[in-house]
Amino acid sequence: MTAAGTALPGHLHVDDRSFVRKYVFSTDHKIIGIQFLFLSLFFLLVGGLLAMGIRWQLGFPGQPMPLGGWLPEGVAPGGVVSPKTYIGLVTMHGTFMIFFAVMPLLVGVFANYLIPLKIGAPDMAFPRLNMWSFWLMIPSGLLMLASLFVLGGMSVAGWTVYAPLSNSPDYTGVHLGQQLWCLSIVIFGASSLLGSVNYITTVINLRAPGMTWFRLPLSVWALFITAVLAILAVPVLAGAVIMLFFDQTIGTHFYLPAGGGQPLMWQHLFWFFGHPEVYILILPAMGIASDVIANGARKPIFGYASMVWAMIGIAFLGFIVWGHHMFQSGMNPTLASAFMVSTIVIAVPSAIKVFNWLGTMWRGSIHFTTPMLNAIAFVSMFIIGGLSGIFMASTPVDMYIHGTYFIVAHIHYVLFGGSLFAVYAGIYFWFPKMFGKQLDERLGKVHFALTFVFYNLTFFPMHILGLGGEMRRIYDPTVYEYLRPMQPINVFISVSAFALFLAQLVFAWNIVRTLARGKKADINPWRDCGLEWTVPSPPPHGNFETTPTVYHGPYEFSVPGAAQDYLPVNQPLPPVPEGRR
Amino acid sequence: MTAHAAAHGMVGGERAQGAVGVHTQKLGMWVFLVSEVMFFTALIGSYIILRWGTGAEWPEPRTVLAIPVTAVNTFILICSSVSMVKAYAAAVKDDQAGLKRWLLATVVGGATFVSVQAFEYHHLVEKGFLPGSGLFGATFYTMTGFHGFHVTCGVLSMIWVTIRAFRGKYAGGKFQGIETIGLYWHFVDLVWIILFTIVYLI
Amino acid sequence: METAEHKAPNYIAVWAALAVLTVVEVAVVYLHLPRRLTVVSLVFLALWKAMLVALYFMHLRFEPKRLLYVVLAPLPLAVILVVGVMHGFRGP
């Protein structure tokens with residue numbers, strides 16, 4: 001990307017390339033971040049629609065679904081989804097949400113947008129590779145969407161596509177659908193790896209003078225550690241999925257018992273990736289929450305260094321807990337005990353972070369803005385999700401609750417209550433920087449309130465269902481006599497889920513309306529200390545006129561003796577007032 | 001950099017506090033290679049697990065595979081690593097003629113390796129040894145196939161680099177790209193050293 | 001930037017070592033030694049060759065220590081994955 005035309009001071013240069021080069025095949029990290037934003041919000045919608053299908057069937061089994069008549073008869077006879085279609089919905093809901101919604105929202109959007117700005121760099125280390133990282137998501141997403149519509153149907157093996165269900169097309173009838181899933185995920189893996197190489201190299205090598213490691217904002221730390229997790233874990237998924245694909249296409253038997261293969265090996269390989277994956281899904285959320293909470297409480301983060309070490313601890317431990325997803329697989333009990341211990345231990349650094357967020361807010365001057373509300377919700381919902389996790393960490397307890405709705409409750413408390421609320425916090429917070437217009441605060445609060453209420457009404461009762469013995473992924477709970485008394489809970493959850501989905505329309509409307517006719521935002525509407533708030537909204541190509549110098553840590557709020565209650569990192573600390581410190 | 005930063009010896013970028021101390025392109029390649037280590041770990045690890053963890057029936061590799069030919073091929077790949085290292089040394093000295101010569105040698109070495117592998121595959125398939133031929137067939141073709149794919153990508157990249165070298169893109173001290181691709185090339189050689197031993201010999 | 005001042009290694013010597021080690025490896029196979037000795041020798045020889053390539057051709061011998069930590073990071077994980085899963089299959 002060479003600059004033609006007049007040169008502006010410092011790093012900035014006039015970008016007079018065509019529209020396509022500037023906004024479509026862009027190498028500017030900010031444009032790429034925004035591209036990821038729209039891509040992943042689209043897939044969030046897809047995942048949500050699939051969830052609506054699931055909830056309709058669970059709440060009203062056997063009843064024709066609204067708009068169900070539009071589906072082909074083979075998929076939904078008489079508008080009622082078939083059992084095979086149902087399990088396909090479950091599979092694809094998980095797949096789209098994890099790989100195409102939450103991961104790109106947290107990493108694709110915020111790593112790309114924030115890292116260069118927050119460390120004082122003009123762009124990523126490898127801008128063209130970055131562009132490829134986004135554009136690989138397109139074929140990946142298209143292949144995955146295509147798998148919904150092919151002959152034989154979509155994958156029906158859960159988002160974890162366990163063998164031998166996933167590689168027995170003669171049994172499931174799913175041929176192409178599962179193959180497309182595999183191809184899509186391999187391409188996704190390539191996209192993820194290219195991105196991660198960029199994030200890691202950029203954070204290590206492109207920091208501005210004075211931006212030492214322990215002055216990095218926690219969002220950057222979190223995204224950096226997440227990228228390290230991805231580099232180490234995603235390739236293992238790629239290898240495992242390739243072997244699964246070969247089982248389906250070229251006659252190998254890696255995971256097929258008939259040919260001497262080992263289905264359990266699939267589980268080990270998948271979860272060796274899968275557990276670091278869930279930390280990939282939560283760490284950036286924790287980083288965003290830290291930035292927003294410090295800002296909203298007008299206080300430095302409590303225990304900054306321990307926050308960093310806790311994230312490093314979580315990342316490291318995250319590699320030695322994978323077996324806790326397999327407690328019911330018949331695995332070696334000694335191995336299971338080892339995993340039990342490591343899993344219980346990993347609660348400790350997570351708890352440290354929770355206490356630090358609380359400590360940050362304690363006696364702060366809390367401003368209940370939309371981002372702050374979402375961030376506080378993140379902390380409280382993450383606590384609940386984390387607590388349920390401790391139950392599952394204990395092998396004997398997990399024997400009872402594995403594969404039940406208790407797990408589904410946990411997953412959604414950490415992924416929606418955790419990650420998604422943090423995503424919302426991040427979007428509301430950085431939207432003005434990205435687009436030069438601020439999302440409407442009132443609509444934001446309405447969206448938050450509705451989402452928070454209906455989210456809890458949807459997912460909390462799942463703990464009860466799970467403990468009552470309702471299994472995951474089943475088509476019709478009323479078939480089981482012992483589950484019938486709990487069916488009203490299912491109905492309640494489904495209705496709440498429909499309301500939750502509709503509540504997101506407020507968010508969508510806010511975005512559309514603001515982009516169309518929102519008023520221009522201030523350069524630093526949240527009065528934050530980060531470097532990104534020292535440049536115009538949106539920042540120009542090249543970000544900074546001259547490379548900034550960083551003088552202090554990222555959370556210098558309410559510093560005694562300062563003129564304002566926040567100090568941008570590129571301004572020196574005020575002299576210590578007489579008699580203080 | 002601001003006067004303040006200069007006065008306090010604050011530096012950024014590649015010399016920033018706590019940076020790794022290597023230039024960005026090289027660091028990026030190493031990070032990528034770390035991910036490749038994990039990828040081959042999944043494949044080679046599966047081989048190890050299936051062969052020695054599950055008690056499955058497994059033929060002696062040397063009864064199926066051609067050890068002598070592959071040993072020579074291994075040597076050829078090692079030679080191409082040497083020519084790569086010589087190419088880089090030439091680039092550092094700004095010996096453009098040497099650079100071009102050694103890059104061409106590397107391309108030839110790599111292409112030879114891939115060709116011999118392809119020939120070997122053909123021979124094995126003719127013998128009836130296929131990916132579906134038990135777990136050995138499955139793991140053999142997957143591991144060596146992906147390694148061969150990586151070598152092929154390396155050869156193609158090396159051709160592109162050679163063309164650029166002929167256009168003088170690495171003259172006058174701009175030899176960073178040679179080092180970067182060299183790292184990828186040596187890595188591919190390193191993986192083969194492991195693969196040859198574990199799959200063909202043990 | 002960081003072409004540290006060090007004597008360039010003798011690449012021909014490294015090449016010769018690699019060639020010799022390869023020959024030794026093949027010889028070990030055809031010597032029909034006891035199984036355990038064969039396996040240990042071959043693994044040792046392969047690792048030695050890999051080290052030579054990594055340290056001299058890939059220049060790690062002369063790089064800043066921090067880069068070494070980056071490069072070594074996946075190795076414990078690779079071991080944990082294989083050993084852990086083997087354990088799962090074969091038992092304690």
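1. The bend at a residue is the angle between axes fitted to the seven residues ending there and the seven starting there. On that basis, α7(B) bends by about 25 degrees at L195(B). The model is predicted, and the remarks below concern the coordinates as they stand.

2. The length of α7 of chain B can be checked against its residue count. This helix covers residues 176–201, which makes 26 residues. At 1.5 Å a residue the expected span is 38 Å, and the C-alpha atoms at the two ends are 37 Å apart, so the two values agree. As to cover, 23 of the 26 residues of α7(B) are buried, and the helix is therefore described as mostly covered, buried meaning under 20% relative accessible area.

3. Chain B has seven helices and zero strands. Read from the N terminus, the order of its elements is α-α-α-α-α-α-α. The globule rule gives 17 Å for the 202 residues of chain B, whereas the radius of gyration is 21 Å, well over that value, so the chain is more spread out than a compact globule. The C-alpha trace of chain B spans about 70 × 40 × 20 Å along its principal axes.

4. Burial, contacts and surface of chain B are as follows. Of its 202 residues, 58% count as buried. Among contacts in chain B with a separation of 6 or more, 77% are between residues 24 or more positions apart. The exposed area of chain B is about 7400 Å², of which carbon and sulfur atoms supply 65%.

5. Chain A comes to 18 helices and zero strands. What radius of gyration would a compact globule of 581 residues have, and what does chain A have? The expected value is near 25 Å and that of chain A is 24 Å, which agrees. Along the principal axes, the C-alpha atoms of chain A fill a box of roughly 75 × 55 × 50 Å.

6. The corresponding values for chain A are these. Of the 581 residues, 63% count as buried. Contacts in chain A between residues at least 6 apart in sequence join residues at least 24 apart in 78% of cases. Chain A exposes about 20600 Å², and 71% of this comes from carbon and sulfur atoms.

7. Side chains of opposite charge can pair when their charged atoms come close. Over all chains, a search of the whole structure finds ten salt bridges. One of them joins D565(A) and R298(A), with the closest N and O atoms 2.7 Å apart. D565(A) lies in the segment after α18 (487–517) of chain A, and R298(A) in the loop between α9 (263–297) and α10 (304–317), so the pair ties together parts that are 267 residues apart in sequence. Is each partner buried or exposed? D565(A) has a relative accessible area of 22% and is partly exposed, while R298(A), at 3%, counts as buried.

8. D565(A) also takes part in a salt bridge with R527(A), at 3.0 Å from N to O. Both R527(A) and D565(A) lie in the segment after α18 of chain A, so this pair ties together parts that are 38 residues apart in sequence. R527(A) is partly exposed, with a relative accessible area of 34%.

9. In chain B, the side chains of R62(B) and E60(B) meet in a salt bridge with an N to O distance of 3.7 Å. The cut-off that admits this pair is a distance within 4 Å. R62(B) counts as partly exposed at 30% relative accessibility, and E60(B) counts as partly exposed at 35%. Elsewhere, K118(A), D291(A) and E532(A) are joined into one network by salt bridges that share partners.

10. One residue of chain C deserves a mention. L33(C) lies in the loop between α1 (11–31) and α2 (35–57) of chain C. At 31% relative accessibility, L33(C) counts as partly exposed. Leaving aside residues up to four places away in sequence, L33(C) touches V28(C) and T38(C).

Terms used: Residues numbered from 1 in each chain as written. Chains lettered and ligands numbered in written order. Predicted model: local features only at pLDDT ≥ 70, side-chain atom pairs only at ≥ 80, totals over all residues. Heavy atoms only, no water. Helix = DSSP H or I, 4+ residues; strand = E, 2+ residues; numbered from the N terminus. Expected span 1.5 Å × (residues − 1). Buried < 20%, exposed > 50% of the residue type's maximum accessible area, 1.4 Å probe, protein only. Rg over C-alpha atoms; globule rule 2.2 N^0.38 Å. Contact = heavy atoms within 4.5 Å. Areas by Shrake-Rupley, 256 points an atom, 1.4 Å probe, with all protein chains shown as cover.
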